Amino acid sequence: MTATISIQKVDKAYGKIHALREVSFDLPPGGICALVGHNGAGKTTLIKLMLGLIQPSGGAIRVLGEDPAAGEFSARRQLGYLPENVAFNAALTGRETLSFYARLKQLKPATASTMLDRVGLGDAADRRVGTYSKGMRQRLGLAQALLGRPRILLLDEPTTGLDPALRQTFYDILHELRDGGATVLISSHALSELEGRAQHVLIMNRGTLVAEGTLAELRRLSQLPIRVSFELGPGYDDAAPTWLANLAASGTDGHVVLVPDDERKMALLQVAAADPQVRNIEVVTPTLDDLYAHFLRARETAE
Amino acid sequence: MKTVTIIAGKEILESLRNRWVLATTLLLAALALSLTFLGSAPTGNVGAGALDVVVVSLSSLTIFLLPLIALLISHDAIVGEMERGTMILLLSYPVGRYQIVLGKFCGHVLILAFATVIGYGVAAGALAISGAAVLAASWYAFAWMIGTSIMLGAAFVAIGYLISSLAGDRGTAAGVSVGVWLIMVLVFDMALLGLLVVDQGRTVSASVLERLLFLNPTDIYRLANLTGFNVSQFSGMAGLAGSTGASTLALLVGMVLWIAVPLGLATVSFARREL
């Protein structure tokens, strides 16, 4: 399958400030991708480049095979975007606002009503947007991004201000779109939320892409240890079993072992599982938070 | 084209909601009515042209008021949407930047046209009902006045967009708009008058003066409305009217240029702008 979004050696400078340096990656269709990084790491600049709102200083961008800044608008009909701070004209009602956006995407204005129900704004559809709470405006923002089953969704901090219930429906909708072959790019600080949902992770720092890959790949790259902790039965009250004691050199802390990679983890688990005195085994792999912190630190020390 | 219509429609709907349309129409109607009935007091009912007097007084009102209203609604159109964050969302849609400018322009000009036609039309209607005798030529002058008023408004809407597309923030756009209004409506004519006094007719001939007047849309409007045969005797422009040879066509072309050039420049500068 060819990539729906392709970024090749993209640079972006605002005067003397380098917002992006030599960023390259491809995103395949049918996947959720997390774009993580500090404020000012270049996440929003990257999204604006994909939308064609700004021109790159160097490099090439292809979105659905087109250059987004070339002024061809047809690709944008298959694109949904939710800005970081979404704003609407306060004088119009939710329904009017959404049917305006539906018409711009050449959809029937009636699709707006179904979408409003879907994000839970059905009852407030005929109230002015000015009376909406922040969460409701965010829902309206989501609704407009999801109009017309987009093939690419660019979401800048999408879940800020959403209550947990709607957050769940939001991810349900995303999974449905992904299964239909859409590329979903989520820029976020809420790393724990993306864990297990994003297949692909891009880590940005100060305008450069420091790491990229699936969570498993990033774990391998980072060489962060996996924590395995054991709950032992009464037979081992006095001393640790020999198989556990032998690991002392590789970082044992009581009944917790840190193993550097998957092979050694499996070897350890096989031994431990064979010992009838082991009551429970808990395996904690590095979280997205850990990985993020690790790659940023690695970059800092490299510089 | 369809996109332009959609954007124009939204602009009109917003203005209806914000009471802009209502406020502008009421303001123009109230001023037009008071000018029509109070303004005819000095001339009395002698002579033919009750409506001609109305045309003169309404034109003078238009020169001050319509550019101000036009700049008020237009100076915010681009920079304001950028600051509020609605522009970035709109541009992620399959919409060209020229379509946004053109759509907003159509919407805003339609609002101004509605307000002008209704507001001034009420005054003329009231005059007709009150039984004043009105010549066909006067009706023609009145219709011409409304048409050129809308064009004057459109020219200042376009100028407002140009300011809006260049300004860095809304405050600057508002300030520059007030400045442009002052220059176009007041300062330009005074400067021209000063030039004429100083020059004493040595280098600034009638034809040069006429060309200078084309540098300001409000003066084109003056030439178009206050120098008509029936009207010039009331307007105090009879002297100028005698000496100007600007044809109706030249005036129209001048006006259209004052609409098209700022609008084109606004589109270009908006298209080059990064968000």
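Here is a short chat about how some labels on this predicted model come about.

Me: What makes 25 residues of chain A count as being in contact with chain B?
Reply: The cut-off is that two residues touch if their C-beta atoms, placed from the backbone, lie within 7 Å. By that test, 25 residues of chain A meet 20 residues of chain B.

Me: Which elements of chain A give two or more residues to that side?
Reply: They are α1 (43-51), β5 (79-82) and α2 (94-104) of chain A. With five residues, α2(A) gives the most.

Me: How do the residues on that side divide into nonpolar, polar and charged?
Reply: There are 15 nonpolar, four polar and six charged ones.

Me: Now helix α3 of chain B. How do you know what span to expect for its 25 residues?
Reply: You take 1.5 Å times one less than the number of residues. For α3 (residues 50-74) of chain B that comes to 36 Å, and the helix reaches 35 Å from its first C-alpha to its last, so the two are close.

Me: What makes you say that α3(B) bends, and where?
Reply: Axes are fitted to the seven residues ending at a residue and the seven starting there, and the angle between them is the bend. At T62(B) that angle is about 40 degrees, so α3(B) is said to bend there.

Me: Why is α3(B) called mostly covered?
Reply: A residue is buried if 20 or more other C-beta atoms lie within 10 Å of its own. In α3(B), 19 of the 25 residues pass that test, so "mostly covered" fits.

Me: And what share of chain A is buried?
Reply: Buried residues make up 37% of the 303 residues in chain A.

Me: What makes the 143 residues of the largest nonpolar core one set?
Reply: They are buried residues of nonpolar kinds such as Ala, Val and Leu, joined through C-beta atoms within 7 Å, so they count as one core. A155(B), A158(B) and Y161(B) have the most contacts inside it. Helix α7 (residues 136-166) of chain B brings the largest share, 15 residues.

Me: Which residues does A155(B) contact, leaving aside neighbours within four places in sequence?
Reply: P217(B), M255(B), W258(B) and I259(B).

Me: How is chain A divided into domains?
Reply: Domain 1 covers 5-219 and domain 2 covers 225-285. Taken over C-alpha atoms, the centres of these two domains of chain A are 43 Å apart.

Definitions and conventions. Residues numbered from 1 in each chain as written. Chains lettered and ligands numbered in written order. Predicted model: local features only at pLDDT ≥ 70, side-chain atom pairs only at ≥ 80, totals over all residues. Helix = DSSP H or I, 4+ residues; strand = E, 2+ residues; numbered from the N terminus. Nonpolar A, V, L, I, M, F, W, Y, C, P; charged D, E, K, R; others polar. Buried ≥ 20, exposed ≤ 12 C-beta atoms within 10 Å, placed from the backbone. Domains from an automatic or database assignment.
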